[in-house]
Amino acid sequence: MVTLAEVAQHAGVSASTVSYVLSGKRSISAGTRERVEQSIRELGYHPNAGARALASSRSNIIALMVPLRTDMYVPVMMEIAIAVATTARTHGYDVLLLTGEEGPDAVRRVTGSGLADAMILMDVQLDDERLPLLRGTDQPAVLIGLPADTAGLTCVDLDFTATGALCVEHLAGLGHRDVAVIGEAPAVYERHTGFAERTLDGLRARARESGVRLLHRPCEGGYGAMAATLARILDERPDTTGFVVQNESAVEPLLALLRQQGRAVPEDVSVLAICPEQVAVQASVRLTSVAIPAQEMGRHAVERLVAKLDGRGESEVVLLEPELTVRASTGPAPASP
């Protein structure tokens with residue numbers, strides 16, 4: 001393992017100069033800094049993490065709290081987590097991934113132990129029980145998600161209220177007047193998870209404005225649950241011609257069931273999904289969709305957290321504008337018989 005003294009000898013400077021270049025605690029001339037950095041690259045030197053933490057009072061670690069629940073679409077959560085990790089590395093930070101459903105206990109553990117310099121929280125609920133602890137600590141934090149009260153918090157999220165409104169606008173513009181929303185699993189709404197609740201708010205508000213009759217039904221996902229949910233929807237609203245799906249695991253079962261019933265997409269019914277781009281383009285019918293910008297969410301969260309760590313960040317809410325891509329699954333509402 002290359003030592004700091006070996007880097008100093010290779011660069012022709014003192015060990016303290018190498019230390020100052022690494023820590024940034026003193027001004028070093030551009031020529032000397034460049035020579036030291038070149039020696040670091042050539043020798044493959046990596047500062048000892050423990051010593052660096054003692055010297056700087058920082059761990060250079062970001063804690064990412066992402067509870068992996070069975071009722072959530074894990075690939076999206078992990079795509080966000082990967083974006084967080086890769087962006088963090090470009091800023092010199094590693095990521096500690098906390099996947100348990102510990103709630104406030106996890107926040108206490110991180111803030112009380114010095115495990116990490118800062119936190120990013122995912123799976124945010126409207127009345128998230130972790131937030132009072134965050135507000136009571138000086139440790140920087142960013143939420144990927146939006147609680148009911150954002151005062152004093154920094155949050156990054158897709159604008160799910162606008163997403164719901166955009167879905168209704170698209171279907172209403174095609175003449176659909178009876179629209180069913182196939183939502184996440186019931187537990188997601190029971191927890192009052194922010195993204196699901198806000199999507200519903202946007203759907204319902206724009207449906208009222210557009211004269212669209214809206215029916216929302218949660219669904220566990222999978223073929224059996226989707227079959228029961230679809231049967232219930234068509235029993236209650238037999239004139240349904242438009243579907244909005246916010247449940248990735250229900251997409252393909254819904255398309256299969258519609259085929260079995262002889263309902264052509266989009267000639268008889270239109271299907272619009274709120275889902276990752278990959279899910280939309282790989283479905284058996286290429287889906288009109290509003291994409292989940294997982295990578296952008298992860299990147300924005302880290303950038304705002306690093307700004308806080310550098311003393312530049314302020315509390316703010318960053319909402320990413322939804323983008324609807326029209327594909328093969330939506331078309332004009334069929335003419336009434």
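Biologist: Between which two helices is His192 found?
Modeller: Helices and strands here are DSSP runs, numbered from the N terminus (helices H or I, at least four residues; strands E, at least two). His192 falls in a loop, and the elements around that loop are helix 9 (186-190) and helix 10.

Biologist: What pLDDT do local features need in this model?
Modeller: Residues are numbered from 1 along each chain as its sequence is written, and side-chain values use heavy atoms, with hydrogens and water left out. The model is predicted: totals for chains, interfaces and linings use all residues, side-chain atom pairs count only at pLDDT 80 or more, and local features need a pLDDT of at least 70.

Biologist: Is His192 buried, partly exposed or exposed?
Modeller: His192 is not a glycine, yet its phi is positive, near 55 degrees. Buried means under 20% relative accessible area, exposed over 50%, and partly exposed in between (1.4 Å probe, protein chains only). His192 has a relative accessible area of 40%, so it counts as partly exposed.

Biologist: What is the relative accessible area of Asp123?
Modeller: Asp123 sits in the loop between strand 3 and helix 7 (131-135). This residue also has a positive phi, about 55 degrees, without being a glycine. Asp123 is buried, and its relative accessible area is 6%.

Biologist: Which residue follows Val265 across a cis peptide bond?
Modeller: The residue in question lies in the loop between helix 12 (248-260) and strand 9. Omega of the cis bond is near 10 degrees, and the bond runs from Val265 to Pro266.

Biologist: How much of the protein counts as buried?
Modeller: The protein has 14 helices and twelve strands. Its C-alpha atoms fill a box of roughly 90 × 40 × 35 Å along the principal axes. Of its 337 residues, the buried share is 50%.

Biologist: Which strands stand at the edges of the parallel sheet 2-1-3-4-5-11?
Modeller: Two strands pair if DSSP finds at least two bridges between them. The six strands of this open sheet are all in parallel pairing. Two of them pair on one side only: strand 2 (94-98) and strand 11 (317-320).

Biologist: Which residue of strand 11 is the bridge partner of Asp157?
Modeller: Strand 5 and strand 11 pair in the parallel sense over four bridges. Strand 11 has a covered face, Val318 and Leu320, and an uncovered one, Val317 and Leu319. The partner of Asp157 is Leu319.

Biologist: At what angle does helix 6 run to strand 1?
Modeller: Axes are lines fitted to C-alpha atoms, for helices over the stretch in contact, and angles between N-to-C directions run from 0 to 180 degrees; contact means heavy atoms within 4.5 Å. Helix 5 (residues 74-90) lies across strand 1 (61-65), strand 2, strand 3 (118-121) and strand 4, at about 155 degrees to strand 2. Helix 6 (residues 104-113) touches strand 1, strand 2 and strand 3, and its angle to strand 1 is about 175 degrees.

Biologist: Which residues does Gln295 touch, leaving out those up to four places away in sequence?
Modeller: Gln295 lies in helix 14 (residues 294-309). Gln295 and Val76 are 219 residues apart in sequence, but their C-alpha atoms are 9.5 Å apart. The contacts of Gln295 are with Glu79 and Ala83.

Biologist: Why is one side of strand 7 and of strand 12 left without a neighbour in the sheet?
Modeller: The other open sheet has six strands in the order 7-6-8-9-10-12, with mixed pairing. Strand 7 (213-218) and strand 12 (324-325) stand at its edges, so one side of each lacks a neighbour: each has a single partner strand.

Biologist: Which residue of strand 9 stands opposite Gly242?
Modeller: Strand 8 (residues 242-245) and strand 9 (residues 270-275) pair in the parallel sense over four bridges. Opposite Gly242 stands Ser270.

Biologist: Which residues lie nearest the centre of the second largest pocket?
Modeller: A pocket is an open set of points on a 1 Å grid over the protein atoms alone, where a 1.4 Å probe fits, with protein on both sides within 12 Å along at least five of seven lines; lining residues have an atom within 4 Å of a point. The lining has 16 residues. Nearest the centre are Asp239, Thr240, Thr241, Pro334 and Ser336.
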